[in-house]
Amino acid sequence: MALSYQALLAAVPVVLKAGNVPNIVGEAGIGKSALVAEVAQRMHAKLFTTVVSLSEKGDLAIPVPPLTSDSFIQTQAYGQLADVQFGYAHTLIQIIQAAEAQPEQPIIWFLDEFNRGTQAVQSELMNLVLQRTINTLTLPSQVQLILAENPDASMTGFENSHYGVVAGDAAIKDRTVRLVMRADAGDWLKWAAEKTTGQTQPNIHPLIQQFIGADVTRLNQTDAQGDLVATPRAWQRVSRNLFELEKLPADTQTIVALDIFQGDIGPVLGLAFQQFLEQQAIQLTPAQLYESQPVGAVIPAPVLRQFKAMSEPQKSAVLGSCLQLTSQYPLVQDQYAGRFLQLLQTISQDGQFALVQQIGQQQALLKQLYTATIAQQSPYVTALYQYLQQVASWSNQ
């Protein structure tokens with residue numbers, strides 16, 4: 001039995017509050033690290049992460065030479081000994097300092113890629129997981145551990161896995177709660193449409209949401225002609241790249257886009273995504289809509305004709321992208337407000353209403369438009385704000 005991202009958001013805190021150690025098992029790039037980060041946020045816990053696969057034996061606590069003459073011990077018959085102390089990894093020092101500074105603050109120590117560490121490293125971590133001790137140091141009670149592993153062939157349901165992992169010790173399996181994570185397209189698409197706090201754009205580009213939504217097998221799909229897997233993490237990279245590509249001139253996009261996509265999700269799926277974008281008329285980017293010459297609040301006739309020739313979903317997708325780039329193309333400036341208004345008025349009433357709903361979720365943008373309207377110094381901004389109010393009132397008709 002495997003759990004989705006949303007189900008694990010409920011399950012992991014249960015295990016932690018019961019005093020146990022969750023061990024999240026899932027394919028690479030499926031979102032284990034993002035899950036732990038969200039669990040920590042929901043539990044108001046301070047999060048520390050150690051990537052075990054990048055650790056070497058002795059990284060957590062290593063012997064260091066005595067620093068003073070008091071460190072030497074003279075025996076009666078066997079000569080002089082050194083009372084060697086331990087030097088601890090900076091992460092562990094930070095954890096202890098945080099625990100002392102705020103004794104009531106929950107702390108989560110995330111041991112990521114646990115079974116990709118060497119056997120020596122795993123053995124060194126054994127007491128940490130089993131006894132909560134490292135040499136003479138005992139972890140504060142407010143520190144809770146979470147492990148994450150990639151599946152290995154010894155695990156039920158993963159007999160065909162080929163990850164370069166070191167099978168965990170039986171004692172670790174006996175003392176942790178294995179929670180298998182699966183990629184759930186519904187969960188992912190819901191998260192993709194959301195905005196992380198402080199962001200103006202969704203977690204994943206709307207066109208990628210549409211591409212995955214049309215065929216959910218594309219999420220976590222292995223490329224038929226390459227060695228890449230289109231994991232959720234890979235699609236997040238594609239999304240970030242696409243947001244940046246849309247800022248470039250069309251001819252530059254044409255040159256570099258396909259190679260960038262294929263570098264993340266493989267030759268076959270990368271080509272399919274590029275063809276999908278072409279079908280969506282992504283050639284008309286926000287940059288082209290806003291920066292086409294002559295610059296001003298009125299869109300040049302050729303660009304407007306091209307926009308009107310697009311399908312309704314294509315128009316909505318491009319204007320949706322415009323709404324994610326208001327930091328670059330502020331709608332509180334007449335040049336951009338006028339063009340956006342002109343484009344908005346060319347699409348269907350349903351399309352307009354949907355876009356206005358998106359704007360309604362951006363409280364900061366609405367406040368800026370209202371303030372500019374009150375100032376009465378930007379006629380196109382005022383016209384846009386008044387038209388948005390008109391469209392919003394359609395729900396009452």
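Of the 397 residues in this chain, 45% are buried. Keep in mind as you look around that the model is predicted. The accessible surface of the chain adds up to about 20,100 Å², and carbon and sulfur atoms own 52% of that. As for the building blocks, you can find 17 helices and 13 strands here. Contacts often join parts that sit far apart in sequence: taking those with a separation of 6 or more, 71% are between residues 24 or more positions apart.

**The parallel sheet**

A good place to start is an open sheet of five strands, which runs in the order β2-β7-β10-β1-β11 with parallel pairing. Its edges are β2 (46-51) and β11 (176-180), each of which pairs on one side only. On average, neighbouring strands in this sheet are turned by 25 degrees against each other, ignoring direction.

Now zoom in on β1, which covers residues 21-25. How many of the residues of β1 are buried? Five of the five are, so the strand is largely enclosed by the rest of the structure. In a regular strand, side chains take turns between the two faces of the sheet. You can follow that here: Val21, Asn23 and Val25 point one way from β1, while Pro22 and Ile24 point the other way, and all are buried.

β1 has partners to pair with. With β11 it makes a parallel pairing over five bridges, and with β10 a parallel pairing over three bridges. Ile24 is a handy residue for seeing both: it stands opposite Leu179 in β11, and its bridge partner in β10 is Ala148.

A helix also joins the picture. Helix α2 lies across β1, β2, β7 (107-112) and β10 (143-149), and it runs at about 175 degrees to β7.

**Two nonpolar cores**

The largest nonpolar core has 36 residues. Which residues have the most contacts inside it? They are Leu289, Phe307, Leu319, Leu331, Phe340, Leu369 and Leu384. The elements giving two or more residues to this core are the helices α11 (286-291), α12 (301-309), α13, α14 (334-344), α15 (349-360), α16 (363-375) and α17 (379-392). Apart from this core lies another one, of 26 residues, with Trp109, Leu128, Val129 and Val143 among them.

Leu331 gives a feel for life in the first of these cores. Leaving out residues up to four places away in sequence, Leu331 touches Tyr290, Leu323, Thr326, Tyr336, Ala337, Phe340, Leu365, Leu369, Val381 and Leu384.

**Charged pairs**

Side chains of opposite charge can pair when their charged atoms come close. A search of the whole structure turns up six salt bridges. Here are some of them, with the distance between the closest N and O atoms.

| Acidic residue | Basic residue | N to O distance |
|---|---|---|
| Glu38 | Arg42 | 3.2 Å |
| Asp184 | Arg182 | 2.8 Å |
| Glu312 | Lys315 | 3.7 Å |

Why are Glu38 and Arg42 separated by about one helical turn? Because they are four residues apart in helix α2 (residues 32-42). This is the helix that lies across strands of the parallel sheet.

The pair of Glu312 and Lys315 tells a similar story in another helix. These residues are three apart in helix α13 (residues 312-323), so about one helical turn separates them. Are the two ends of this salt bridge buried or exposed? Glu312 is partly exposed, at 31% relative accessibility, whereas Lys315 is buried, at 5%. Buried here means under 20%.

What surrounds Lys315? Not counting residues up to four places away in sequence, Lys315 touches Phe307, Lys308, Met310, Thr346 and Ile347. Phe307 should ring a bell, as it is one of the residues with the most contacts inside the largest core. Helix α13, where Lys315 lies, is also one of the elements that give two or more residues to that core.

That leaves the pair of Asp184 and Arg182. Asp184 is partly exposed, with a relative accessible area of 22%, and Arg182 counts as partly exposed too, at 36% relative accessibility.

Key
Residues numbered from 1 in each chain as written. Predicted model: local features only at pLDDT ≥ 70, side-chain atom pairs only at ≥ 80, totals over all residues. Heavy atoms only, no water. Salt bridge = Lys/Arg side-chain N within 4 Å of Asp/Glu carboxyl O. Buried < 20%, exposed > 50% of the residue type's maximum accessible area, 1.4 Å probe, protein only. Contact = heavy atoms within 4.5 Å. Areas by Shrake-Rupley, 256 points an atom, 1.4 Å probe, with all protein chains shown as cover. Pairing = 2+ DSSP bridges. Axes fitted to C-alpha atoms, helices over the stretch in contact; angles between N-to-C directions. Core = buried A, V, L, I, M, F, W, Y, C linked by side-chain atoms within 4.5 Å.
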